[in-house]
Amino acid sequence: MITGMRIVGIALSLGVGLAGVHPGPAVAFNDTSITAQPGSLAAGRDLTNNTIIQTINDLDLTNLPEFIKAFTDREKASKEQLDEATRARDEIAASLKISQGAVDGFLQTLGEQKVSPEQLKGKLVEIASQFDATRQRLAALDPDDPVTKALVDQAKAEMDKGQPDAASALLQRAEEADLAAAAQARALAQQASEAADARQVHAAKAREGRGDVALTELRYGEAAGHFGAAASLLPAGSSNDRRRLLRRQAFALYQQGDERGDNPALRRSIEVLRSVLKEQNRDRVPLDWADTQNDLGVMLATLGERESGTTHLEEAVAAYRAALEEWTRDRVPLDWAMAQGNLCTALMWLGERESGTERIEAAVVACRAALQEQTRDQHPLDWAMTQMNLGAALSRLGERESGTARLEEAAAALRNALEVRTRERNALEWALTQIDLGNVLMRLGERESGTAHLRDSVMAYRAALAATMRERLPLVWAMAQMDLGNALWMLAEREGGTTHLEEAVAAYRAALEERTRDRVPLDWAVTQMDLGNAFERLGERESETTHLEEAVEAYRAALREQTRARVPLQWAQTQINLGNAHMRLGERESGTEHLEEAITAYRAALEQATRDRAPLDWALAQMNLGHVLLTLGERENGTVQLEESVAAYRAALQEYTRDQMPLQWAMTQTGLGAALWRLGDRQSGTAQLEAAITAFRAALQEYTRDRVPLQWAMTQIDLGGVLSTLGEREIGIAHLEEAAAADRAVLREMTREQLALYWPVAQMNLGNVLVKLGERENGTTRFEEAVAACQAALGEYTRNSSPLNWALAQINLGNALEELGERENETTRIEEAVVAYRAALTAATRNEAPLLWATIENSLGEALEKLGDRQGDTTRLEDATIIYRAALEVRTRDQNPLDWAETETGLGDALVALGKRDSGTARLEEAVATYRAALEERTRDRVPLGWAETEQNLGKALETLGERDNGTARLEEAITTYDEALAVFVAAGADRYESICRKERDNARKALDQRKS
């Protein structure tokens, strides 16, 4: 079944110092003139402004969001809040050695840009770093013109006071003044050209300063425009400065695209950087050329990760490999390692979109290469980040391979990362790594027989959730809740019971508090689907239908967003799950409405999830269609639905192979076994029953007691059921003993709590096979045990919650009581059997469950016939004949030959009992004809004991007829018939039947001897 589980991708965090978590893998830029941008990709060889980062790290900024709020909305802030915010501002200003007004501007920008709480500290580092860089650039400006110099000095002063807009305006005036002077200089004379060029350079620097100011306010798009304009202002011969400014433009565009989801900005950044590459001479500046190739790779990979195709990712790989041609390990080891790490990421993303593993294998190689230089001792944070990426790549490989070696390696890599990414150092990064570790452990748990890894994954998720993630990353917190729910769901699958399922429901509901339909509609739908899965499993293990009905509602809610047009394959998966819930409800109800809805849902899914498009979803839909057709077939006459069920299961096995999908293969084998069992039950011969046994035993090769105890138990129960049916048709009792052993093994190995609703099924089936064994013995022990087992089952089933199962338990109880009553002089037990059968008929009506109704009618006829015969009550005997004839309207010879023969035999018994009390022979003659008709289907080869039973009863009818005529033919035929039945009873070891048959034959012989004498 679909779990619709969307496990959160490995959160490959990027961070330097206080950098915020990035959803993608770690990548790094290089540009010798730019310092690191906290919260984003590194943009320089000196990856961080260590002084500023360390200074801000040392400050207690726990209440930074409240300080910003107080400064941006002073009217609403209390005096105490403003005082506290002012003290924090003063502390920041003093620590950074800048003006209080400047810090006011920082906080104002953070508030206006609505920076999320988890990014505030990183963005503060970014703004402060950019502010410092801007001041340095302004200090470097030394214009000759006194007017321009005065404007630049004023801009410096405004910047120091925290007035970036005023500074920008003054710089614009300086730019305009210099441009005007440059124009005038050119107009004056050719000799002023050098002065004009100098003015252009100063103008470009002023425009670049405006870009720096924009960066302090996180206006990346505006900054990119300034840097591009500055590059265009430079005179000919300033190629190095021009390339530098274009790279700054490209990086600002990248920040706009990366942080704001602006794909056009990303595309423009790629265009700009490619223009830089055209101007760079690889032979003259090979390392700078490699820098640019690396940065181009980052931009291409970021864009490619967002797109469905692979073109940009392929180009990113090519760019990284080009960079590595110059960035060799010997020449620049750390740059070489950085490019290897970036190459690992791009290859991994490519590999995720391909069916093979070649790219992901290459990604692993690249990550391990990077770790040769990024050692834990010298570069701990880079080492931890690459361990994370290595864990991600190994996890992807492990998901595609059948073993667990890669997943074990992935877990080891993530645990390595956690040794550096500690909770004390950075609680958020630690929590995200715990989530990634939980995902890998859950994948390991899926493939192993025990529950250790699943339990470890639950611990990892809970640890992450305890790290106060919700306020900072509410959607990531919700995803962790989802993953926790999935792990608990899997634990419940292995261990039985309902505790873990109830915990899973709580986790999914928690996720829905943040994953709302308005905020993330498709994620909301996925969570609804997983919630539905948990409800469905709970409903399967409980007698009530409330949770199953909740599952239907959850799936229907999911389908409001998972439309066929929008997400066709997810729509198909949810249709499958909806069908499952309807099927479970249909199993509990006597009608077929829910079963028909389930078929509709599965067939709808198969229209979209075709074998070519989605082979595994197609196989799942086929398997579940087989389930519901089997359930319908059990309630209807004929074998058409059962044969379609067999075909659906066999179709599913074309994709669910044992090598590739062992547990799904086993599940399908159990379904196939059940369908073959029901077919065999309605047909003569044993071929289908033997095929069913083969299917169940095949399933048990994967469904082991240690690996999946609940599935093992369910399959054991089914195996016991088909062995019982087969044993009923054979002379010996070996298969019946095997059936009893199978049921007892389940009840011995599994507790009532673990088995949940399957515990009464095991009890009921055990009672059924004990009755069959008891029929072949003289004592009553087996019957007494059967009564106890059936009564135990009825302690779980109620007519309201599970009417058909309750009816089946009543039938089996009636059978055991009836057999006990046959061996006792009193009729109390048989009267109790009649009560049980009549109770069953109130839940299983002819219209809603015709075959079950006919089975109950047959059993009721037997009990009434025995009561009437013992009590001399012809009314009950007449009732028995009426009931048998009604059952034969459903149990027809064409569609249910063996059941038809059984009921014909019962009708014959009632006619004989009535015939003994009539003066004529019409009833007896009809009984003989009825028995002979039954023997045409109840042959000695097909069902030897059933044949012997009918032969014996035919002998009794012939003996009674012989006693009423003057000849000996009927008596002689009766004796022959008795002898033939006796031979089978002796061979089968059916002592009681042998004793009764021998006594009746001896009576016939005495009657014959008396007639002859």
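Let's start with helix 25 (residues 593-608): its 16 residues reach 24 Å from the first C-alpha to the last, close to the 22 Å expected at 1.5 Å a residue. Keep in mind that this is a predicted model. Besides that helix, we'll look at some cysteines, including a pair that forms a disulfide.

**Helix 25 and what covers it**

- Which residues of helix 25 are buried? They are His594, Leu595, Ala598, Ile599, Ala601, Tyr602, Ala604, Ala605, Leu606 and Gln608.
- Here's a handy bit of background for reading that list: an α-helix has 3.6 residues a turn, so residues three or four places apart point the same way.
- The cover over the buried residues of helix 25 includes helix 24 (568-588) and helix 26 (615-635).

**The disulfide**

- How many disulfides are there? The count comes to one.
- Cys344 and Cys367 are the partners, with their sulfur atoms 2.2 Å apart.
- Cys344 sits in helix 14 (residues 333-352) and Cys367 in helix 15 (residues 358-370), so this pair ties together parts that are 23 residues apart in sequence.
- The torsion about the S-S bond of Cys344 and Cys367 is about -75°, so you can call this disulfide left-handed.
- Are these two cysteines buried or exposed? Cys344 is buried, and so is Cys367.

**Two other cysteines**

- Cys790 has 0% relative accessibility, so it counts as buried.
- Cys997 counts as buried because its relative accessibility is 0%.
- For both calls, the cut-off to remember is that buried means under 20% relative accessible area.

Key:
Residues numbered from 1 in each chain as written. Predicted model: local features only at pLDDT ≥ 70, side-chain atom pairs only at ≥ 80, totals over all residues. Heavy atoms only, no water. Disulfide = S-S within 2.5 Å. Helix = DSSP H or I, 4+ residues; strand = E, 2+ residues; numbered from the N terminus. Buried < 20%, exposed > 50% of the residue type's maximum accessible area, 1.4 Å probe, protein only. Expected span 1.5 Å × (residues − 1). Contact = heavy atoms within 4.5 Å.
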